[in-house]
Amino acid sequence: MLSSAPISDSVFLDKFRRVFKNASILGLAQIGGLAVYLLVAEVIRAKQRPFLGFLSSSLTAKNRPVLRYAFYAAAIGILLLLRFIRGRRLRKIEALDDRG
(Lines give C-alpha, C1' and ligand atoms only; values in the text may rest on other atoms or scores of the structure.)
Protein backbone atom coordinates (compact mmCIF):
# COMPACT_ATOMS: atom_id res chain seq x y z
CA MET A 1 0.00 0.00 0.00
CA LEU A 2 1.69 3.13 -1.22
CA SER A 3 0.59 6.58 -0.25
CA SER A 4 2.30 9.89 -0.40
CA ALA A 5 2.49 11.75 2.85
CA PRO A 6 4.23 14.98 3.66
CA ILE A 7 7.52 14.53 5.45
CA SER A 8 6.27 16.67 8.32
CA ASP A 9 3.31 14.32 9.00
CA SER A 10 3.91 12.97 12.52
CA VAL A 11 1.89 9.77 11.98
CA PHE A 12 3.94 8.96 8.89
CA LEU A 13 7.22 9.67 10.70
CA ASP A 14 6.25 7.48 13.66
CA LYS A 15 5.30 4.61 11.37
CA PHE A 16 8.49 5.06 9.36
CA ARG A 17 10.64 5.03 12.51
CA ARG A 18 9.04 1.80 13.74
CA VAL A 19 9.45 0.03 10.40
CA PHE A 20 13.03 1.29 10.00
CA LYS A 21 13.92 0.22 13.54
CA ASN A 22 12.57 -3.31 12.97
CA ALA A 23 14.34 -3.62 9.63
CA SER A 24 17.57 -2.41 11.20
CA ILE A 25 17.31 -4.95 14.01
CA LEU A 26 16.79 -7.77 11.52
CA GLY A 27 19.73 -6.66 9.39
CA LEU A 28 22.01 -6.32 12.40
CA ALA A 29 20.98 -9.78 13.61
CA GLN A 30 22.04 -11.24 10.26
CA ILE A 31 25.38 -9.44 10.40
CA GLY A 32 25.83 -10.57 14.01
CA GLY A 33 25.20 -14.17 13.01
CA LEU A 34 27.89 -13.94 10.35
CA ALA A 35 30.29 -12.41 12.88
CA VAL A 36 29.67 -15.27 15.33
CA TYR A 37 30.26 -17.79 12.55
CA LEU A 38 33.54 -16.10 11.63
CA LEU A 39 34.67 -16.11 15.26
CA VAL A 40 33.83 -19.80 15.74
CA ALA A 41 35.58 -20.75 12.50
CA GLU A 42 38.72 -18.86 13.49
CA VAL A 43 38.77 -20.42 16.97
CA ILE A 44 38.47 -23.90 15.45
CA ARG A 45 41.22 -23.12 12.96
CA ALA A 46 43.55 -21.80 15.69
CA LYS A 47 42.93 -24.68 18.11
CA GLN A 48 43.14 -27.45 15.50
CA ARG A 49 46.21 -26.21 13.61
CA PRO A 50 46.92 -27.64 11.08
CA PHE A 51 43.20 -28.09 10.52
CA LEU A 52 42.53 -30.28 7.53
CA GLY A 53 38.83 -30.67 8.23
CA PHE A 54 36.66 -32.81 10.43
CA LEU A 55 36.35 -35.56 7.83
CA SER A 56 39.82 -35.33 6.29
CA SER A 57 40.72 -38.94 7.06
CA SER A 58 37.55 -40.44 5.57
CA LEU A 59 37.27 -38.25 2.45
CA THR A 60 39.05 -39.10 -0.74
CA ALA A 61 40.27 -36.51 -3.20
CA LYS A 62 37.38 -37.54 -5.43
CA ASN A 63 34.71 -36.84 -2.79
CA ARG A 64 35.99 -33.54 -1.43
CA PRO A 65 34.68 -31.28 -4.22
CA VAL A 66 31.23 -32.85 -3.89
CA LEU A 67 31.11 -32.07 -0.18
CA ARG A 68 32.47 -28.56 -0.78
CA TYR A 69 29.77 -27.78 -3.35
CA ALA A 70 27.11 -29.26 -1.08
CA PHE A 71 28.13 -26.81 1.65
CA TYR A 72 28.17 -23.95 -0.86
CA ALA A 73 24.64 -24.88 -1.91
CA ALA A 74 23.54 -25.09 1.73
CA ALA A 75 25.00 -21.64 2.44
CA ILE A 76 23.21 -20.12 -0.55
CA GLY A 77 20.00 -21.83 0.55
CA ILE A 78 20.33 -20.37 4.03
CA LEU A 79 20.91 -16.88 2.65
CA LEU A 80 17.83 -17.17 0.44
CA LEU A 81 15.81 -18.45 3.39
CA LEU A 82 16.94 -15.49 5.50
CA ARG A 83 15.89 -13.05 2.79
CA PHE A 84 12.51 -14.79 2.50
CA ILE A 85 11.92 -14.74 6.26
CA ARG A 86 13.05 -11.12 6.48
CA GLY A 87 10.60 -10.12 3.74
CA ARG A 88 7.73 -11.94 5.42
CA ARG A 89 8.62 -10.40 8.76
CA LEU A 90 8.69 -6.91 7.30
CA ARG A 91 5.32 -7.44 5.59
CA LYS A 92 3.89 -8.68 8.89
CA ILE A 93 5.25 -5.63 10.71
CA GLU A 94 3.80 -3.38 8.03
CA ALA A 95 0.39 -5.02 8.38
CA LEU A 96 0.51 -4.51 12.15
CA ASP A 97 1.49 -0.87 11.65
CA ASP A 98 -1.40 -0.32 9.23
CA ARG A 99 -3.87 -1.59 11.83
CA GLY A 100 -2.69 0.64 14.61
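**Exercise 1. Find which residues make the nonpolar surface patch of about 320 Å², and classify each one as buried, partly exposed or exposed.**

Solution. In this predicted model, the patch is made by Phe 12, Phe 16 and Phe 20. Now take the residues one at a time.

- Phe 12 has a relative accessible area of 31%. Partly exposed covers the range between 20% and 50%, so Phe 12 is partly exposed.
- Phe 16 comes to 49% relative accessibility and therefore also counts as partly exposed.
- Phe 20 reaches 53%. Exposed means over 50%, so Phe 20 is exposed.

**Exercise 2. Work out how the rings of Phe 12 and Phe 16 are arranged.**

Solution. Start with the general idea: a pair of aromatic rings is described by the distance of the centres and the angle of the planes. The count of aromatic pairs here is three. For Phe 12 and Phe 16, the ring centres are 6.2 Å apart and the planes are at 25°. Centres within 6.5 Å make a pair, and planes under 30 degrees apart count as stacked, so this pair is stacked. Along the chain, both residues sit in helix 1, four residues apart, which is about one turn of the helix. Phe 20 is in helix 1 too (residues 10-47), and Phe 12, Phe 16 and Phe 20 form one aromatic cluster.

**Exercise 3. Put the patch in the setting of the whole protein.**

Solution. First, the secondary structure: there are two helices and zero strands. Next, burial: of the 100 residues, 3% are buried. Last, the surface: about 9000 Å² is exposed, with carbon and sulfur atoms supplying 67% of that area.

Notes: Residues numbered from 1 in each chain as written. Predicted model: local features only at pLDDT ≥ 70, side-chain atom pairs only at ≥ 80, totals over all residues. Heavy atoms only, no water. Patch = residues over 30% accessible without salt bridge, like charges linked within 9 Å, V, L, I, M, F, W, Y side chains within 5 Å. Areas by Shrake-Rupley, 256 points an atom, 1.4 Å probe, with all protein chains shown as cover. Salt bridge = Lys/Arg side-chain N within 4 Å of Asp/Glu carboxyl O. Buried < 20%, exposed > 50% of the residue type's maximum accessible area, 1.4 Å probe, protein only. Phe/Tyr/Trp six-rings, centres within 6.5 Å; stacked < 30°, edge-to-face > 60°.
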